[in-house]
Amino acid sequence: MQKQQFAVGKYFSVLIWLLQDRQNFLKEISQNVQLYPKINSLLICSSIFFAFYGGIIGASSSWEQALSSMVKLPALYLISLIICLPTLYFFNVFFGSRKPFAQYVALLLGSMAVVSVLLFSFAPITLLFMTTTTNNYQFFKLLNVVIFSLTGFLGIKFFYEAMQMFSESELVGKETRDKILQLWLVLYGLVGCQLGWTLRPFFGYPGMPFELFRERGGNFYLDIMRAMGEIFGFQ
């Protein structure tokens, strides 16, 4: 038991280090110092925090939805990373980057960990609105869209700044790679939104039978506009 507690504590100590001493953490990544232990720790910690928050938003509907969202929310972020990572890596290599593949993985998992911790910090607020509002599914959904957007933006900001720091030592093709990075971040956001729509529901509609996945149809942006219309009385 003590060994297991020590292992878990070791994983979380890496995450705390990232949050408290970002510059030295990124410096070690740039120097390829213990990359794989860092990758494992960030993956485990972020998955736990995503699962925790997924369970909260799913619990607004049913226990089945809570269990489903505990799996689907970590999967959403991880699959988005897997889909978009090859594009980022190979385009950067083509235009002069010499960073190894594992550095990109570590940086992206670092941004995922930042997002997961920020979501975890919003958990009390989400619980408050979930337990004190009734028959207000659209408001709860929009509240979480705002939370996911804010935390996602901060995670992307972390990744962008880290990539800029790493690029300072690679002058060949730097300007082109900066533009590629900016376009890639937009692509990453679009992929995440589309994948989230494909994996829905995460909240579940109160009073409706549990669904693991919903039929394809519409899109994320139309659904948000419809939710805003219902809240503000536009329809």
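Of the 235 residues in the chain of this predicted model, 43% count as buried, where buried means under 20% relative accessible area, exposed means over 50%, and partly exposed covers the range in between, with a 1.4 Å probe and protein chains only. The chain contains eight helices and zero strands, and its pattern along the sequence is accordingly written α-α-α-α-α-α-α-α; helices (H or I, at least four residues) and strands (E, at least two) are DSSP runs numbered from the N terminus. Among the contacts with a separation of 6 or more, 73% involve residues 24 or more positions apart, a contact being defined by heavy atoms within 4.5 Å. Residues are numbered from 1 along each chain as its sequence is written, and side-chain values use heavy atoms, with hydrogens and water left out. As the model is predicted, local features need pLDDT of at least 70 and side-chain atom pairs count only at pLDDT 80 or more, whereas totals for chains, interfaces and linings use all residues.

Two packed helices are described by the angle between their axes and the distance between the axes. Here the axes are lines fitted to C-alpha atoms, for helices over the stretch in contact, and angles run from 0 to 180 degrees between N-to-C directions. For helix H3 and helix H4 (residues 63-94), the packing angle is about 140° and the axes lie 7 Å apart. That angle makes H3 oblique to H4, given that angles under 35 degrees count as roughly parallel, over 145 as roughly antiparallel, 65 to 115 as roughly perpendicular and the rest as oblique. On the H3 side, the contact is made by Leu43, Ser47, Phe50, Ala51, Tyr53, Gly54, Gly55, Gly58 and Ala59, and on the H4 side by Gln65, Ala66, Ser69, Met70, Leu73, Pro74, Tyr77 and Leu78. Divided by class, the contact of H3 with H4 comprises eleven nonpolar, six polar and no charged residues; Ala, Val, Leu, Ile, Met, Phe, Trp, Tyr, Cys and Pro count as nonpolar, Asp, Glu, Lys and Arg as charged, and the others, Gly among them, as polar.

A second packing pair is formed by helix H2 (residues 22-30) and helix H5 (residues 101-132), whose axes come within 10 Å and cross at roughly 160°, which means that H2 is roughly antiparallel to H5. In this pair, Leu26, Ile29 and Ser30 of H2 meet Gln103, Ala106 and Leu107 of H5. The residues of the contact of H2 with H5 divide into four nonpolar, two polar and no charged.

The structure holds five salt bridges, each defined as a side-chain nitrogen of Lys or Arg within 4 Å of a carboxyl oxygen of Asp or Glu. In one of these, Glu161 pairs with Arg22, the closest N and O atoms being 3.9 Å apart. Glu161 lies in helix H6 (residues 137-167) and Arg22 in helix H2, so this salt bridge ties together parts that are 139 residues apart in sequence. Glu161 is partly exposed, at a relative accessible area of 37%, and Arg22 also counts as partly exposed, at 38%. Glu161 further meets Lys157 in a salt bridge with an N to O distance of 2.7 Å; Lys157 and Glu161 are four residues apart in helix H6, and are therefore separated by about one helical turn. Lys157 counts as partly exposed at 38% relative accessibility. Through shared partners, salt bridges join Arg22, Lys157 and Glu161 into one network.

Another salt bridge, at 2.8 Å from N to O, is formed by the side chains of Lys38 and Glu28, with Lys38 in helix H3 (residues 35-59) and Glu28 in helix H2, ten residues apart. Lys38 is buried, with a relative accessible area of 3%, whereas Glu28 is partly exposed, with a value of 23%. Lys38 is also among the residues touched by Phe25, together with Val14, Trp17, Leu18 and Leu42, when residues up to four places away in sequence are not counted. Phe25 is placed in helix H2 and is buried, with a relative accessible area of 0%. Phe25 and Lys38 are 13 residues apart in sequence, and their C-alpha atoms are 9.5 Å apart in space.

In helix H5, Ser111 counts as buried at 5% relative accessibility. With residues up to four places away in sequence again not counted, Ser111 touches Gly155, Phe158 and Phe159.
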